[in-house]
Amino acid sequence: MTHIYFIRHAANTDGLVDGKMTDLGLSPEGISQAERLRDRLASSGEIKPDVVIASSERRAHETAAILETA
């Protein structure tokens, strides 16, 4: 059976670059949130993904990279 889990990116920092809102990646709080989730998943074993898919947004890639080490 296939299970699909959606995990929203952690807290991020958006800012203006050349007058446009830009995804500047995870904030320090977001990094901490993602690390706490990674640690929880590693210790509980509740989700063991075969594949991780992230959107093209920087914050999503940064969150996924942290979680992949679980």
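Okay, let's start with helix H2. Its buried residues are Arg59, Ala60, Thr63, Ala64, Ile66 and Leu67. Now, why do I group them like that? Because they cover an arc of only 160 degrees around the axis, they sit on the same side of H2. If you're new to helices, here's the bit of background you want. An α-helix has 3.6 residues a turn, so residues three or four places apart point the same way.

Before I go on, one caution: what you're looking at is a predicted model.

Let's pick out two residues from that buried side. Say hello to Thr63, which lies in helix H2. Is Thr63 buried or exposed? It's buried, because its relative accessible area is 5%, and the cut-off for buried is under 20%. What does the side chain of Thr63 reach? That would be the backbone oxygen of Arg59, at 2.9 Å. And who else does Thr63 touch? Skip its neighbours within four places in sequence, and Thr63 is in contact with His9, Ala10, Leu26 and Ala34.

Then there's Arg59, also a resident of helix H2. You might stop at this one, as it's an arginine, but Arg59 counts as buried because its relative accessibility is 17%. How far apart are the C-alpha atoms of Arg59 and His3? They're separated by 24 Å, with the two positions 56 residues apart along the chain.

For contrast, slide back into the loop between H1 and H2, where you'll find Ser56. Ser56 is exposed, because its relative accessible area comes to 70%, and exposed means over 50%. Ser56 is 25 residues from Ile31 in sequence, and C-alpha to C-alpha they're 18 Å apart in space.

Okay, zoom out. How many helices and strands does the protein have? It has 2 helices and 2 strands, and reading along the sequence you get β-β-α-α. The C-alpha trace spans about 45 × 25 × 15 Å along its principal axes. There are 70 residues, and 23% of them count as buried. Here's one on contacts: take those between residues at least 6 apart in sequence, and 50% of them join residues at least 24 apart.

Last stop, the pockets. Some background first. Rolling a probe the size of a water molecule over the atoms shows where empty space is left. Here, the largest pocket holds about 870 Å³ of space. It's lined by 25 residues, and the closest to its centre are Tyr5, Pro49, Val51, Val52 and Ile53. Which elements give two or more residues to that lining? Those are helix H1, residues 28–44, and helix H2, residues 58–67. H2 gives the most, with 4 residues. So we're back at the helix we began with.

And what kind of residues make up the lining of the largest pocket? You get 16 nonpolar, 5 polar and 4 charged.

To wrap up, keep two pictures in your head: H2 with its buried residues on the same side, and H2 again as the element giving the most to the lining of the largest pocket. Thanks, everyone!

Conventions:
Residues are numbered from 1 along each chain as its sequence is written. This is a predicted model: local features need pLDDT of at least 70, side-chain atom pairs count only at pLDDT 80 or more; totals for chains, interfaces and linings use all residues. Side-chain values use heavy atoms; hydrogens and water are left out. On a 1 Å grid over the protein atoms alone, a cavity is a set of points where a 1.4 Å probe fits but cannot get out, and a pocket is an open set with protein on both sides within 12 Å along at least five of seven lines; lining residues have an atom within 4 Å of a point. Grid points are joined across faces, edges and corners, and a volume is the space filled by probe spheres set on the points. Ala, Val, Leu, Ile, Met, Phe, Trp, Tyr, Cys and Pro count as nonpolar, Asp, Glu, Lys and Arg as charged, and the others, Gly among them, as polar. Buried means under 20% relative accessible area, exposed over 50%, partly exposed in between (1.4 Å probe, protein chains only). The arc is that of the directions from the helix axis to the C-beta atoms. A polar contact is a pair of N or O atoms within 3.5 Å; within protein, one must be able to donate a hydrogen and the other to accept it, and residues adjacent in sequence count only if both atoms are side-chain atoms. Contact means heavy atoms within 4.5 Å.
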